[in-house]
Amino acid sequence: MATQAKRGRVAGPVGGGHADPVAGFLSWCRSVGLELSAKVAVTRQGTVAGYGLVAQERVEPGELLLAVPRAALLSQRTCSIGGLLERERGALQSPSGWVPLLLALLHELQAPASRWSPYFALWPELGRLGHPMFCPRVRSPELYHQLVALVMAYSFQEPLEEEEDEKEPNPPLMVPAADLLNHVANHNANLEYSPNCLRMVATQPIPKGHEIFNTYGQMANWQLIHMYGFVEPYPDNTDDTADIQMVTVREAALQGTKAEAERLLLYERWDYLCKLEMVGEEGAFVIGQEEVLTEEELTTTLKVLCMPAEEFREFKDQDGWGNDEKEEDSLTMRNIPKLKESWRQLLRDSVLLTLKTYATDLKAEQDLLSNKAGYAKLSWREQQALQVRYGQKMILHQLLELTG
């Protein structure tokens, strides 16, 4: 099932701007050496969000979908003020590293003869803005937020090579044509980086008429809605997760203590877990659909909080066990029922406490999702928030069932 992405489905072309922005973009692609496979089409028809790529013929895994020469990329180095941005590099540093690209976009968007103008024509809204964007007297927080959102949603960041792990991350850049692809977890294309170009390659068979999807990374629905403004309805997003706050596990463990000495010992265990950097007051254990993503942290926490007092003393004296992980302690979903009973109980109590933090229960969410008329009355944001909550609760209820 395709996900509803950044903008709503568009049935066909819309007016405004260039008489035929797609034709202008394709002509520009040919002029800059950007190669598009004859098997794909840039279109609004049959896509989940605005312009996208749709297969015109069956595509096999490994086939090249598009190739973008590095000279056609829009970045702080390739823009027409690249020299200025390089000279002022020290003054433009920021935690995100986005400022040079944002300035490059501001300049190129308002430059009448920008070489990327046909590319901008396919952008959502920003390509048609008429503001004097580069004028220092104009302060437009709305425009700034639009550009930040655009860079967040559409830019790419080239990964470092293994031998470059100690270097600063590469700056973001805009990749024409590649940024047309929408996201689903079960994507059918992937971007590859090479010295001369960036190549989008099919990763699975794509039938004729099907949209071509890239991936924005392994992202839970709460991350997708935060960064891109859309979610994938359950169970489509196989990268979706639910959080159990670390302090919630501590609270669940405290529920099982009776005497003050037991409480003090539990806090001693917790303090030691903090010393091991396995837990923290602000941290969370991350539960996926198939496994626990914070496996080491949760496994160690369950062990320490559930072990007999004498064993804990030995554990502290020996400063941990070292690498003694057993297969039955693995926190894959299929292995949860095999965990020690005390582990399962603590995990179950933690899930129950987590579910109490939601304003509604799972049945209420299911009833609303199955009620088409009621669901349609919700705003777009409310619908997306409902999908986020529902996916999280389904994961938590799955864990609840496995620990029963």
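Reader: Is Glu 281 buried, partly exposed or exposed, and what is its relative accessible area?
Author: Happy to start there, with the note that this is a predicted model. Buried would need a value under 20% and exposed one over 50%, with partly exposed in between. Glu 281 falls in that middle class, and its relative accessible area is 45%.

Reader: Which side chain does Glu 281 meet in a salt bridge?
Author: The contact has its N and O atoms 2.8 Å from each other. Glu 281 sits in the loop between H8 and S10, while its partner is in helix H7 (residues 246–255), so the pair links distant parts of the chain, 31 residues apart. The partner is buried, with a relative accessible area of 16%. The residue you are looking for is Arg 250.

Reader: How many salt bridges does a search of the whole structure find?
Author: Besides the pair of Glu 281 and Arg 250, there is one between Glu 86 and Arg 89, with closest N and O atoms 3.4 Å apart. In that second pair, Glu 86 is partly exposed at 42% relative accessibility. Searching the whole structure gives a total of 12.

Reader: What separates Glu 260 and Arg 263 along helix H8?
Author: These two form a salt bridge as well, their closest N and O atoms being 3.9 Å apart. Arg 263 is partly exposed, at 31% relative accessibility. Because the two residues are 3 apart in helix H8, the separation is about one helical turn.

Reader: Which residues do salt bridges with shared partners join into one network?
Author: The pair of Glu 260 and Arg 263 is a salt bridge of two named residues. Elsewhere, bridges that share partners connect one acidic residue and two basic ones. The network consists of Glu 268, Arg 313 and Lys 316.

Reader: Which residues form the negative surface patch?
Author: One member, Glu 311, is a good place to begin, and it lies in helix H10 (residues 309–317). Patch members need over 30% relative accessible area, and Glu 311 is partly exposed at 35%. The patch is made up of Glu 310, Glu 311, Glu 314 and Asp 317.

Reader: What kind of aromatic pair do Tyr 228 and Phe 230 form?
Author: This is one of 12 aromatic pairs found across the whole structure. The ring centres of Tyr 228 and Phe 230 are 6.3 Å apart, with 40° between the planes. Both residues are buried. Planes under 30 degrees apart would count as stacked and over 60 as edge-to-face, so this pair is tilted.

Reader: Why is the pair of Tyr 234 and Tyr 390 edge-to-face?
Author: The ring centres of Tyr 234 and Tyr 390 lie 5.8 Å apart. Edge-to-face calls for planes over 60 degrees apart. The pair gets that label because its planes are at 85°.

Reader: How many residues apart in sequence are the parts that Tyr 234 and Tyr 390 tie together?
Author: Tyr 234 counts as partly exposed at 28% relative accessibility, whereas Tyr 390 counts as buried at 13%. Tyr 234 belongs to the loop between helix H6 (221–227) and strand S9 (241–245), and Tyr 390 to helix H14 (residues 380–402). The parts they tie together are therefore separated in sequence by 156 residues.

Reader: Which residue does a cis peptide bond join to Tyr 234?
Author: The omega angle of this bond is about 5°. The partner of Tyr 234 is found in the loop between H6 and S9. That partner is Pro 235.

Reader: Which residues do ring pairs link into a cluster?
Author: Here the ring pairs connect Phe, Trp and Tyr residues. The members of the cluster are Phe 25, Trp 28, Tyr 119, Phe 120 and Trp 123.

Reader: What is the phi of Ala 177, and is the residue buried or exposed?
Author: Ala 177 is in the loop between helix H5 (141–154) and strand S5 (182–183). With a relative accessible area of 1%, Ala 177 is buried. Although it is not a glycine, its phi is positive, at about 75°.

Reader: What is the relative accessible area of Glu 277?
Author: Glu 277 is a non-glycine residue with a positive phi, near 60°. The residue lies in the loop between helix H8 (260–275) and strand S10 (284–288). Glu 277 is exposed, and its relative accessible area is 69%.

How values were computed:
Residues numbered from 1 in each chain as written. Predicted model: local features only at pLDDT ≥ 70, side-chain atom pairs only at ≥ 80, totals over all residues. Heavy atoms only, no water. Patch = residues over 30% accessible without salt bridge, like charges linked within 9 Å, V, L, I, M, F, W, Y side chains within 5 Å. Areas by Shrake-Rupley, 256 points an atom, 1.4 Å probe, with all protein chains shown as cover. Salt bridge = Lys/Arg side-chain N within 4 Å of Asp/Glu carboxyl O. Charge placed at Lys NZ, Arg CZ, Asp CG, Glu CD. Helix = DSSP H or I, 4+ residues; strand = E, 2+ residues; numbered from the N terminus. Buried < 20%, exposed > 50% of the residue type's maximum accessible area, 1.4 Å probe, protein only. Phe/Tyr/Trp six-rings, centres within 6.5 Å; stacked < 30°, edge-to-face > 60°.
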